[in-house]
Amino acid sequence: MSLTKDEVQHVAMLARLELSDKEVEKYTTQLNDILGYAQRLQALDTANVPPTAHVFPLQNVMRDDRVDPSMAREKIVANAPDEEDGFFRVPKIV
Amino acid sequence: MSNETMQMERDFDFEIVMGLEVHVELHTKSKIFCGCTTEFGGDQNTHVCPVCLGLPGVLPVLNKQVVDYAMKAGLALNCEIAEFSKFDRKNYFYPDLPKAYQVSQYDLPIAKDGYLDIEVGGNPKRIGITRVHMEEDAGKLVHGGAANLAGAEYSLADYNRTGVPLIEIVSEPDIRSIEEAVAYLERLKSILEYTEVSDCKMEQGSLRCDANVSLRPWGQKEFGTKAELKNMNSFKALQRALEYEVERQAEILREGGKILQETRMWDEAKGMTISLRSKEEAHDYRYFPEPDLVPLVISREWVDRVKATLPEMPHIRKERLVHSYGLPAYDAGIITGSKAMADYFDSACKAFGVDTPAGVEVADDKAKERAKQISNYMMGELTRLLNASEFGYSNSPVTPENLVGLLQLLEAGTISTKIAKTVFEDMFASGKPAKAIVEEKGLVQISDEGAIASIVRDILTANPSVVADFKAGKEKAMGFLVGQAMKATKGKANPGLVNKLLKEELEKM
């Protein structure tokens, strides 16, 4: 299995990354190296190994349904690139 | 091929194939992964914190009540509950999603393989439930700088709803008509109301419905290409959107065209569905296991504990009403269609001393008559007045006990049926018990034979020509005389007695 340049372009588009032709070239090679390395794992027989859902041996970490105070709105919008009347202001979405 | 199918085939040149995806906000106090309130309608961005905004370094922790509710809904929909379940990230960029991913469940949902039974035109049908999974809601966007969304120069994001717990209920593509789709959603809403996991208010967005719609020529095995419809915020919108979409697709197919796989938005004002985006690209969500949340392992005991909290479901309750009280299936169906109405009925039966424990005994004739009276008043007057007010069965101004108070006065002959109707309207307006209104206004029925006889005699004396008409064989004259007697007593005379005494006096003449 190897990754094509088109696939790298597609993944970049999904991640909202703009890549030059040279970068596409470079990342296609690098990503293929990584995939190639990971592919060595395919040689292992995992028929009797359950799929890993989490790397920690923990389960059922939960909290009770209790309301805690929210954060003050001035703090919430303090770092917003743009703000209006307590809203986050973003480019138009239709 | 069934008769029903053949009938539909004649009516329409394609077979409709639909599945519904229903999002339901769970009725918890706090959000799914943080302690922010889930309350509806707060000022913008006042119910948010670093966790639901997805600021760096925070750790979400699952609300246990969400798991209990999701499980409860799954069990009510006859699903298998997973022994092992986990959360995943669904990645996409949209400004209503501050983290740029939604925490959802992908391959290991909490519940799957259930079903829901519906009835359309008297025919029962089972609709499969593929899965029920937990996820977080997104925020809300409002338009800025213009009167409508289309003309907006920018958008404003309010994240109060971000992180409110949702379950998504996905049906199998088993739905074959618009009527079935509406019946499915009605049934689903009713079941969820019974379980009390959600308030199911479509107008507040706590129950939202998407539909996958495709057509295929009759007899074809493969499904046609589907469109996904969004933004149907009422039963009426669902009905209209499906009607529009089915016709749109049929027209394209009739002309030999191809249906595009896409997401379409129902535009209520324009009365049409509008293409939002092509599906292939939008659906590349790159799900992966959520590393900030550990898996859920659900024991038999936990499932049993939740199962024990399930109420009597609508169809069982309906059966009980039919079996125990002999109510017509239609009436029982209406009453049990809403949990609040069914609870009202049960409370009234209890107050009238005719309650029957879940689903076994058959009431005696007297109890059946009383239950029938309660049912009649609910289906008629009470529903009419509630619909015209801002009240519902859960907060009706006439309590079940007060309704029974009125029915007791009727049963004892203290008031007439006609007076009861006006008393009931007074009760609804004032919230007072029937007895108080009857006493205040002096509406007690006159059943004193002597008093009525004297009134009857006066009327006969005052209307010699009508009496002559009656003697000449004009039956209608009797009605006039009864009317006069009722009028003279302001409707309080016992009509049976009036009739009887009138006949007696007329015979004497």
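Of the 94 residues in chain A, buried residues make up 18%, and I should say at once that this is a predicted model, so please hear every value that follows as computed from that prediction. Chain A contains three helices and three strands, and if you follow the chain from the N terminus on, its elements run α-α-β-α-β-β. The radius of gyration of chain A is 22 Å, which is well over the 12 Å that the globule rule gives for 94 residues, and therefore chain A is more spread out than a compact globule. Along its principal axes, the C-alpha trace of chain A spans about 55 × 45 × 25 Å.

Let me pick out one residue in chain A before moving on. A:Val77 sits in helix α3 of chain A, which covers residues 73–78. Is A:Val77 buried or exposed? With a relative accessible area of 10%, A:Val77 is buried, because buried means under 20%. The C-alpha atom of A:Val77 is separated by 9.9 Å from that of A:Arg89, and these two residues are 12 apart along the chain.

Now I turn to chain B, and to a pocket. Rolling a probe the size of a water molecule over the atoms shows where empty space is left. The second largest pocket holds about 820 Å³ of space, and the elements that each give two or more residues to its lining are α3 (64–76), β7 (111–120), β8 (123–136), α4 (178–195), α8 (314–325) and α9 (329–337), which belong to chain B. The largest share comes from α9(B), which gives six residues to the lining of this second largest pocket. In total 27 residues line the second largest pocket, and those that lie nearest its centre are B:Asp117, B:Ile118, B:Glu119, B:Arg187 and B:Lys318. Sorted by character, the lining residues of the second largest pocket comprise 13 nonpolar, seven polar and seven charged.

Where does the second largest pocket lie with respect to the domains of chain B? Domain 1 (3–283 + 299–306) and domain 2 (314–440) of chain B both give residues to the lining, and so the second largest pocket lies between them.

The next topic is charge pairing. Side chains of opposite charge can pair when their charged atoms come close. Over all chains, the structure holds 48 salt bridges, and I will take three of these pairs in chain B, one after another.

In the first example I have chosen, the side chains of B:Glu411 and B:Lys366 meet in a salt bridge, at 3.6 Å from N to O. This pair links distant parts of the chain, since B:Glu411 is in helix α12 (residues 400–411) of chain B while B:Lys366 is in helix α11 (residues 365–387) of chain B, 45 residues apart. B:Glu411 has a relative accessible area of 41% and is partly exposed.

Another salt bridge joins B:Glu425 and B:Arg384, whose closest N and O atoms are 3.1 Å apart. Because B:Glu425 lies in helix α13 (residues 417–430) of chain B and B:Arg384 in helix α11 of chain B, the pair ties together parts that are 41 residues apart in sequence. B:Glu425 counts as partly exposed at 35% relative accessibility, and B:Arg384, with a relative accessible area of 42%, is partly exposed as well.

The remaining pair is B:Lys441 with B:Asp426, a salt bridge in which the closest N and O atoms are 2.7 Å apart. B:Lys441 lies in the loop between α14 (434–440) and α15 (449–462) of chain B, and B:Asp426 in helix α13 of chain B, so this pair ties together parts that are 15 residues apart in sequence. B:Lys441 is partly exposed at 48% relative accessibility, and B:Asp426 is partly exposed at 24%.

Beyond these pairs, B:Glu196, B:Glu312, B:Arg317, B:Arg320, B:Lys339, B:Asp343 and B:Asp346 are linked in a network of salt bridges.

I finish with the backbone of chain B. Which phi does B:Asn78 have? Although B:Asn78 is not a glycine, its phi is positive, at about 60°. B:Asn78 is placed in the loop between α3 and β3 (80–81) of chain B, and at 35% relative accessibility B:Asn78 counts as partly exposed. B:Asp113, which is not a glycine, also has a positive phi, of about 55°; B:Asp113 is found in strand β7 of chain B, and at 48% relative accessibility B:Asp113 counts as partly exposed.

Terms used: Residues numbered from 1 in each chain as written. Chains lettered and ligands numbered in written order. Predicted model: local features only at pLDDT ≥ 70, side-chain atom pairs only at ≥ 80, totals over all residues. Heavy atoms only, no water. 1 Å grid on protein atoms, 1.4 Å probe; cavity = no way out; pocket = protein on both sides within 12 Å on 5 of 7 lines; lining within 4 Å. Points joined across faces, edges and corners; volume = space filled by probe spheres on them. Helix = DSSP H or I, 4+ residues; strand = E, 2+ residues; numbered from the N terminus. Nonpolar A, V, L, I, M, F, W, Y, C, P; charged D, E, K, R; others polar. Domains from an automatic or database assignment. Salt bridge = Lys/Arg side-chain N within 4 Å of Asp/Glu carboxyl O. Buried < 20%, exposed > 50% of the residue type's maximum accessible area, 1.4 Å probe, protein only. Rg over C-alpha atoms; globule rule 2.2 N^0.38 Å.
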